[in-house]
Amino acid sequence: MDPKIDKDGAPPKPPVEPAESSTRWGKAPGPPEEVRFLRGPQPRGFELMRAVRIFMELMKGFRSLHFVGPCVTVFGSARFTEDHAYYRLARQVAAGLARAGFTVMTGGGPGIMEAANRGAKEGGGYSVGCNIELPKEQKPNGYLDRWITFRHFSIRKMMLVKYSYAFIALPGGFGTLDEIFETATLIQTGKIKDFPLVLMGEEYWKPLLDFLRGRLVAERTIDPIDVERITVTDSADAAVRLVTDVALRQFGLSYGPRPKRSWLLGE
């Protein structure tokens with residue numbers, strides 16, 4: 001059953017862009033300095049200033065997210081609207097995560113991200129977003145307790161991983177696949193250990209899992225265990241139960257001694 005939010009108490013939602021605008025995605029150029037930076041070697045002074053900006057963005061992320069608590073990151077498409085089954089599923093799983101004591105973290109935008117942040121609020125939990133600057137502006141959704149906007153995808157993805165105990169991916173496109181495979185690579189290479197990676201939407205993900213088993217495992221470019229580490233389910237309850245069981249067993253739902261805020265660092 002789709003939980004209903006109190007319309008009087010709900011935060012205002014940003015306007016939804018017309019669907020046809022999505023066909024123009026990717027055609028607008030990025031900020032000129034970023035386009036130039038990614039073209040190859042540049043004058044040393046230019047690259048030094050870009051390195052400083054990247055470092056400052058990293059520190060901004062660390063300071064902003066240091067106290068958000070144990071998180072679960074939810075990935076998924078920005079293009080699903082609230083009448084879609086995947087949007088409702090994201091709300092449901094995020095509400096369950098919130099009731100289990102997790103902070104729900106997303107990319108902070110619309111679609112599945114909005115649904116997860118909305119579900120976290122409905123479940124009485126804390127809702128965080130790591131937004132990204134895009135040529136066609138992505139505004140933070142209206143269900144965030146805290147958010148930070150990044151210029152660089154790489155830093156944003158680092159923050160989505162750094163503070164989370166588990167990762168839940170609902171259907172999505174290039175960005176979601178990028179996040180799934182980066183997370184899977186970190187698990188495969190032991191950079192993060194025993195963190196659940198859950199794909200929700202069995203029918204949607206079946207061709208991908210078939211490809212992994214039928215091509216990558218068959219050609220021995222990955223091991224069977226690499227696929228077995230990925231859980232696929234349609235059940236929000238099963239996803240929450242898996243994440244909670246692993247988090248309690250591995251981490252006790254705590255990072256350890258809670259850090260103290262420092263006025264010197266602006267916390």
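# Exercises on a Predicted Model

A169 lies in strand 5, which spans residues 164–169. The model is predicted, and each exercise below is followed by a worked solution.

## Exercise 1. The surroundings of A169

Determine whether A169 is buried or exposed, and identify which residues A169 touches beyond those up to four places away in sequence.

**Solution.**

Step 1. Consider the accessible area. The relative accessible area of A169 is 0%. Buried means under 20%, so A169 is buried.

Step 2. List the contacts. With residues up to four places away in sequence left out, A169 touches F75, I180, V198, L199, M200 and W205.

Step 3. Compare sequence with space for one of these residues, M200. A169 and M200 stand 31 residues apart in sequence, and their C-alpha atoms are 6.1 Å apart in space.

Step 4. Place this pair in the setting of the protein. Among contacts between residues at least 6 apart in sequence, 72% join residues at least 24 apart.

## Exercise 2. The nonpolar cores

State which residues touch the most other members of the largest nonpolar core.

**Solution.**

Step 1. Begin with the protein as a whole. The protein has 267 residues, of which buried residues make up 42%. Its elements are 9 helices and 7 strands.

Step 2. Turn to the largest nonpolar core, which holds 32 residues. Those touching the most other members are L65, M105, C130, F150, M159, F167 and L199. Helix 7 (residues 202–217) supplies the largest share of this core, namely 5 residues.

Step 3. Examine L199. Apart from neighbours within four places in sequence, L199 is in contact with A169, I180, W205, L209, I230, T231, V232 and T233. A separate second core contains 27 residues, including V72, Y87, V104 and A236.

## Exercise 3. Helix 2 against helix 5

Classify the packing of helix 2 and helix 5 from their angle, and name the residues that meet.

**Solution.**

Step 1. Read the geometry. Helix 2 (residues 44–65) and helix 5 (residues 153–162) pack at about 25°, and their axes are 10 Å apart.

Step 2. Apply the cut-off. Angles under 35 degrees count as roughly parallel, and helix 2 is therefore roughly parallel to helix 5. Their crossing is right-handed.

Step 3. Name the residues. From helix 2 come I54, E57, L58, G61, F62 and L65, which meet I155, M158, M159 and K162 of helix 5. By type, the residues of this contact comprise 7 nonpolar, 1 polar and 2 charged.

## Exercise 4. Helix 5 against helix 6

Find the angle at which helix 5 and helix 6 pack, and describe the types of residue in their contact.

**Solution.**

Step 1. The angle between helix 5 and helix 6 (residues 174–188) is about 60°, with axes 11 Å apart.

Step 2. The two helices are therefore oblique to each other. Their crossing is right-handed.

Step 3. Helix 5 contributes R156, K157, L160 and V161 to the contact, and helix 6 contributes D178, E179, E182, T183 and L186. These residues divide into 3 nonpolar, 1 polar and 5 charged.

## Exercise 5. Helix 4 and its partners

Establish how many residues of helix 4 are buried, and state how helix 3 crosses helix 4.

**Solution.**

Step 1. Count the buried residues. In helix 4, 9 of the 11 residues are buried, so that the helix is mostly covered. The buried residues are I112, M113, E114, A115, A116, N117, R118, G119 and A120.

Step 2. Identify what these buried residues pack against: strand 1 (71–75), helix 3, strand 2 (103–106), strand 3 (127–132) and helix 5.

Step 3. Consider helix 3 (residues 85–99). Its axis comes within 7 Å of the axis of helix 4 (residues 112–122), and the two cross at roughly 40°. This makes helix 3 oblique to helix 4. The crossing is right-handed.

Step 4. Look just after helix 4, where G124 takes a positive phi of about 80°.

## Exercise 6. Two loop residues

Decide whether Q42 and R220 are buried or exposed.

**Solution.**

Step 1. Q42 lies in the loop between helix 1 (32–37) and helix 2. At 19% relative accessibility, Q42 counts as buried.

Step 2. R220 lies in the loop between helix 7 and helix 8 (224–228). At 75% relative accessibility, R220 counts as exposed.

Step 3. Examine the backbone of R220. Its phi is near 65°, a positive value in a residue other than glycine. Most residues other than glycine have a negative phi.

How values were computed. Residues are numbered from 1 along each chain as its sequence is written. This is a predicted model: local features need pLDDT of at least 70, side-chain atom pairs count only at pLDDT 80 or more; totals for chains, interfaces and linings use all residues. Side-chain values use heavy atoms; hydrogens and water are left out. Axes are lines fitted to C-alpha atoms, for helices over the stretch in contact, and angles run from 0 to 180 degrees between N-to-C directions. Helices (H or I, at least four residues) and strands (E, at least two) are DSSP runs, numbered from the N terminus. Angles under 35 degrees count as roughly parallel, over 145 as roughly antiparallel, 65 to 115 as roughly perpendicular and the rest as oblique. A crossing is left-handed if the near helix is turned anticlockwise from the far one by less than a right angle, and right-handed if clockwise. A nonpolar core is a set of buried Ala, Val, Leu, Ile, Met, Phe, Trp, Tyr and Cys residues joined through side-chain atoms within 4.5 Å. Buried means under 20% relative accessible area, exposed over 50%, partly exposed in between (1.4 Å probe, protein chains only). Contact means heavy atoms within 4.5 Å. Ala, Val, Leu, Ile, Met, Phe, Trp, Tyr, Cys and Pro count as nonpolar, Asp, Glu, Lys and Arg as charged, and the others, Gly among them, as polar.
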